[in-house]
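Visitor: I have the sequence and the model open side by side, and I would like to take a close look at a single part. Could you walk me through it and then show me how it sits in the rest of the chain?

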Amino acid sequence: MNQKTFGLGLFIFLIIPPVANLMESVMIIHMHMQMPILVITGFLMAPFFQSKFPRFFEKWNQNGIPGILLFIIVVGYWMLPRTMDEALELWAVELFKFISLPFLAGVPLRDSWRKLGQAGKNAVIIFFSIAFITMGWLYINATMQLCNNYLLIEQITLGWGFLTMGIAFVIFLGYRFFFNPSAYE
């Protein structure tokens, strides 16, 4: 089984209503498991689109910056508390989630990441480190529910998940700064 087939199979599995409902029933699983896996499905299916539309990717995403900006915008949109609520309440927003994360975030990420230089990759990781730490602080310290469909304790748990991810990114950047990974290859 190749990556494209596995990505498509995983995508189909994730959109099955019982699976989607189960993953959306717990806030941290919705944000830190379902959404990243949807991005990964697009990442895995990207070679199919790159082989079918090579000129589009060469023209549209020549240096990787437009694709990374699209990735950042889509992922940033889905980090907002309101969008999580709307994905649970409105079928059109949930459909947009299942389209945007794989195809507007995962595919451009795969196409862009190899085209970016090390400084560009570090800038993306720094951006998400700051965003995750900020969102973690927001979810932990908010005195009221930010998402109407989830309990306050789930919101705090998600905040700690964001904070942990942000700290992990900072540790990774520190490792990249202080150690030369090519010396260990």
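Which residues are buried in H5?

Guide: Happy to, and please keep in mind that this is a predicted model. In H5, the buried residues are Gly67, Ile68, Phe71, Ile72, Val74, Val75 and Trp78. The helix itself covers residues 65-78, which makes 14 residues. From its first C-alpha to its last, H5 reaches 20 Å, close to the 20 Å expected at 1.5 Å a residue.

What lies over those buried positions? The cover includes H3, helix H4 (54-60), H6, helix H7 (91-113) and H8. If you are colouring the model, those are good helices to pick out around H5.

One residue of H7 lets you see this packing from the other side. Leu109 is found in helix H7, and among the residues that Leu109 touches are Ile68 and Phe71, both of which are on the list of buried residues in H5. Leu109 also touches Val39 and Phe43, where residues up to four places away in sequence are left out of the count. Leu109 has 15% relative accessibility, and because the cut-off for buried is under 20%, Leu109 counts as buried. For a sense of distance, take Ile28: Leu109 and Ile28 are 81 residues apart in sequence, and their C-alpha atoms are 23 Å apart in space.

Now let us step over to H9, since some of the helices that cover H5 turn up there again. The cover of the buried residues in H9 includes helix H3 (27-52), helix H6 (81-89) and helix H8 (118-141), and H3, H6 and H8 are also among the helices that cover H5. In H9, the buried residues are Glu154, Gln155, Leu158, Gly159, Gly161, Phe162, Leu163, Gly166 and Leu173. H9 takes in residues 152-178, and at 1.5 Å a residue its 27 residues should span 39 Å; the C-alpha atoms at its ends are 39 Å apart, so the two values agree.

Not every residue of H9 is covered. Phe177 has its place in H9, yet Phe177 counts as exposed, because its relative accessibility is 67% and the cut-off for exposed is over 50%. The C-alpha atoms of Phe177 and Gly7 are separated by 33 Å, with the two positions 170 residues apart along the chain. Further on, Glu185 lies in the segment after H9 and, at 81% relative accessibility, counts as exposed. Glu185 and Pro18 are 167 residues apart in sequence and 43 Å apart in space, C-alpha to C-alpha.

For a contrast, try Ser25, in the loop between helix H2 (17-24) and H3. Ser25 is partly exposed, with a relative accessible area of 42%. Among residues more than four places away in sequence, Ser25 touches Tyr150 and Glu154, and Glu154 is one of the buried residues of H9. Ser25 and Asn149 are 124 residues apart in sequence, while their C-alpha atoms are 8.9 Å apart in space.

Finally, here is the whole chain around these parts. The protein has nine helices and zero strands, so you can read the order from the N terminus as α-α-α-α-α-α-α-α-α. Of contacts between residues at least 6 apart in sequence, 73% join residues at least 24 apart. Buried residues make up 41% of the 185 residues. A compact globule with 185 residues would have a radius of gyration near 16 Å, and the protein has 17 Å, which agrees. Along the principal axes, the C-alpha atoms fill a box of roughly 45 × 40 × 30 Å. The accessible surface comes to about 10500 Å², and carbon and sulfur atoms account for 73% of that surface. As for charge, there are 11 positive and 9 negative side chains, with the centres of the two sets 16 Å apart.

Conventions. Residues numbered from 1 in each chain as written. Predicted model: local features only at pLDDT ≥ 70, side-chain atom pairs only at ≥ 80, totals over all residues. Heavy atoms only, no water. Helix = DSSP H or I, 4+ residues; strand = E, 2+ residues; numbered from the N terminus. Expected span 1.5 Å × (residues − 1). Buried < 20%, exposed > 50% of the residue type's maximum accessible area, 1.4 Å probe, protein only. Contact = heavy atoms within 4.5 Å. Rg over C-alpha atoms; globule rule 2.2 N^0.38 Å. Areas by Shrake-Rupley, 256 points an atom, 1.4 Å probe, with all protein chains shown as cover. Lys, Arg positive; Asp, Glu negative; His and termini not counted. Charge placed at Lys NZ, Arg CZ, Asp CG, Glu CD.
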